[in-house]
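Reader: I am new to this structure and would like a close look at one part of it, the sheet in chain A. Please take me through how it is put together and what packs on it.

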Amino acid sequence: MKDRRKYALLGFFVWWTLIGALMTGIPFRIGTATMYPPEKGLGTIPYKDLNIANLQRENYNDFASFAFGGHPKRGPYGTTFDMVNYRKSGGPFANASWNTMAFGSGDFIRKFYGPVNPHKVKLPGNEQVTQYLKELAKQLGAAAVGIADLGPDPLKWLMSTDWTGRPLHFKPEENRYAIVAVHIEELADHPFSKDMSRSTLRYYTKVSQNYFYDDYIAGQLASYIRSLGYNAIGHNNGYVRSIPVAMLAGLGEVGRNGLLLTEKWGPNVRINTVTTDIPLIPDKPVDIGIQSVCGMCSKCYDYCPGRAVAAEKAYGYGALKWNVNNWRCRQAIQIGMDKDIDASTCTLCRDVCPFSKSEEFSANRMGRWMVSRSWVARKVLVKLDDWLYSKWNKHDLKELITERRARFKESQKVGYVDKSDLWMTQGLSSEEARHKYATEIYPGGWKGGAGGAAFGDLFPLYAEADMKRPEFGKWPTWYDIWGRKIPGYQDGEKGAPGLDFAAVEKVVPTVALSGYGPIVPPGDPIVSQRYHAYGLLDPMTPGY
Amino acid sequence: MEMAEKEMTTVPGWAQKLFAISWYTWFAGITEAALLLVFLLVTYTQFAQGEPRAGWVMILLTIVVAAPGIWMLFGYRPQIGSKLGLPDYALFLCFAIWVVLFGYLMFWGFQLYSGPYGSPHLTN
């Protein structure tokens, strides 16, 4: 027989070179998706009847219902100090960390809207202006920036009402383009710890930082453009359909879990947008293999405690996609990550997503690049993800999800009505059922809420005895830096300022505060009513 | 003058060894180096990003994928004209494992199995 070593080594070379070519799509891409023209779809997603906007959600009011709707009436919220001193669950370090973080920035939200310079600045050219504004957004903290051309009818990309239900009056000619910026939000560790730990600090600080960046980038950019003499409105996660617009701007694709998945950072981004009429060069939607990968992967579907992620694609309000059942998602959030932990912290569909691995490591970046180029890499790497991180206990989440699923079922038994056929509802359907759940299964029922961010905490936060303390819900006496005495509960009922709503306001997500703009008249009864329902004072009320 | 020419054409010992390596060994060697680089990078990444379990799985995969290549390069030297022996069977086994491994990763289809937490869309 001839030189067998030669054939063995050549076979070795040919085999692995072939595998390498298949995995990297070099020299040819393997398995590219259909890109639909604007009249037939958005990027890789086809739609019927030009109903692109429904890729995400109906209007802001529905979203507000999703986030805030269906709350039972709650007792006094307590102050920051009460949360630390008397909250039954968690520990003082954890309670203090999440109760003192400010989410978003009112200062920059106020820069979302404003007057436009009546003297238009002479622009150097569309291309230069586009590059300049993209660079500005990046310097402000954006990881990536894209431009979307919203077409002659941009209103379908924008919300029709504000979070109070009041109609919004965007002018089509003033909102032709959208500058969409994403910035990175790292994953939190799981499971969330109940007290002093890196995880606790990391979760609340990163959410806090990113709400701030949303407002900061959009606010600065919008006011900059207005000062050039062009219309511009900033949006954090409110009043614009962020995900479809981000897709249109070529920043990523929508995944099975309903989130924007970017090539470099997966779902670990937040989106902010500026809509404007300054002439810009638009970007185009991209195919980075997300639709293909999500078709092969079932992680978010498997791990969702609320069973809200779809198995198969369907036309939901016009677009062919995996439709997240927001009603179930809402239920899962209300059930909470852990019965002792703030209920708003789910994000499991994001945590288990193969695209959520940190971009800091070149190996992860290489994997995403391969996935964007080759169908073969998608097949192999999705399976490899199971091998490496376990299919059924990824990141050791099994115990957490088992517990959460069990409580989810408990809640179903006592009368939650399944409205899964509805895409978006008011969240909870029955106040009585919720009350029954809280009183019979977890005796003690509703005693108080955490205020703001703790939407849907099903468990009593404070003991009756603690809530009857004279200092509960009031601030102590203190002196400001000018030496003035600010009376507190020690100064008697007359001097006690009662609840400090400004402190509570800090933990309300930015989206809830988007009504800050001048479009809401001061002291408006609807807004006041809304704020009052969540234990807040209307910030536009005189004397606030 | 003659001395100078002789010095210029002298090839050092280590270079002579390199030139003596056959072209197909070079090809296989570079392939092996690339494989090792990628697999070790992925392995390192798992430990660095706090996934030790994944790191150990990658060590196993690195052994399965890259170790046979090292043996082929340095250990597999059958005599020309000799009969097939144990090393040849081991060689076939290596290729068979790679084919099965890649075939599994590539063609084992995605199915919506009912997981340990219950199948989301079928129960309750």
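**The sheet of chain A**

Author: In this predicted model, strand E8 (residues 269-276) of chain A pairs with E4(A) in the antiparallel sense, and eight bridges hold the pairing. One position to look at is His183(A), which stands opposite Arg270(A) in E8(A).

E4(A), which covers residues 177-184, also runs antiparallel to E3(A), and six bridges join these two strands. Here Val145(A) has Ala181(A) in E4(A) as its bridge partner.

Taken as a whole, this is an open sheet of four strands in the order E3-E4-E8-E5 of chain A, with antiparallel pairing. Its edge strands are E3 and E5 (232-235) of chain A, each of which pairs on one side only. On average, neighbouring strands of the sheet are turned by 20° against each other, direction ignored.

Two helices of chain A can be placed against these strands. Helix H6 (residues 126-140) of chain A packs on the sheet and touches E3 and E4 of chain A. The direction of H6(A) makes about 135° with that of E3(A). Helix H7 (residues 198-227) of chain A also packs on the sheet, where it touches E4, E5 and E8 of chain A. Between the directions of H7(A) and E8(A) the angle is about 15°.

Back to the edge strand E3(A), residues 144-149: is it enclosed or open? Five of its six residues are buried, so E3(A) is largely enclosed by the rest of the structure. Buried here stands for under 20% relative accessible area.

Terms used: Residues numbered from 1 in each chain as written. Chains lettered and ligands numbered in written order. Predicted model: local features only at pLDDT ≥ 70, side-chain atom pairs only at ≥ 80, totals over all residues. Heavy atoms only, no water. Buried < 20%, exposed > 50% of the residue type's maximum accessible area, 1.4 Å probe, protein only. Pairing = 2+ DSSP bridges. Axes fitted to C-alpha atoms, helices over the stretch in contact; angles between N-to-C directions. Contact = heavy atoms within 4.5 Å.
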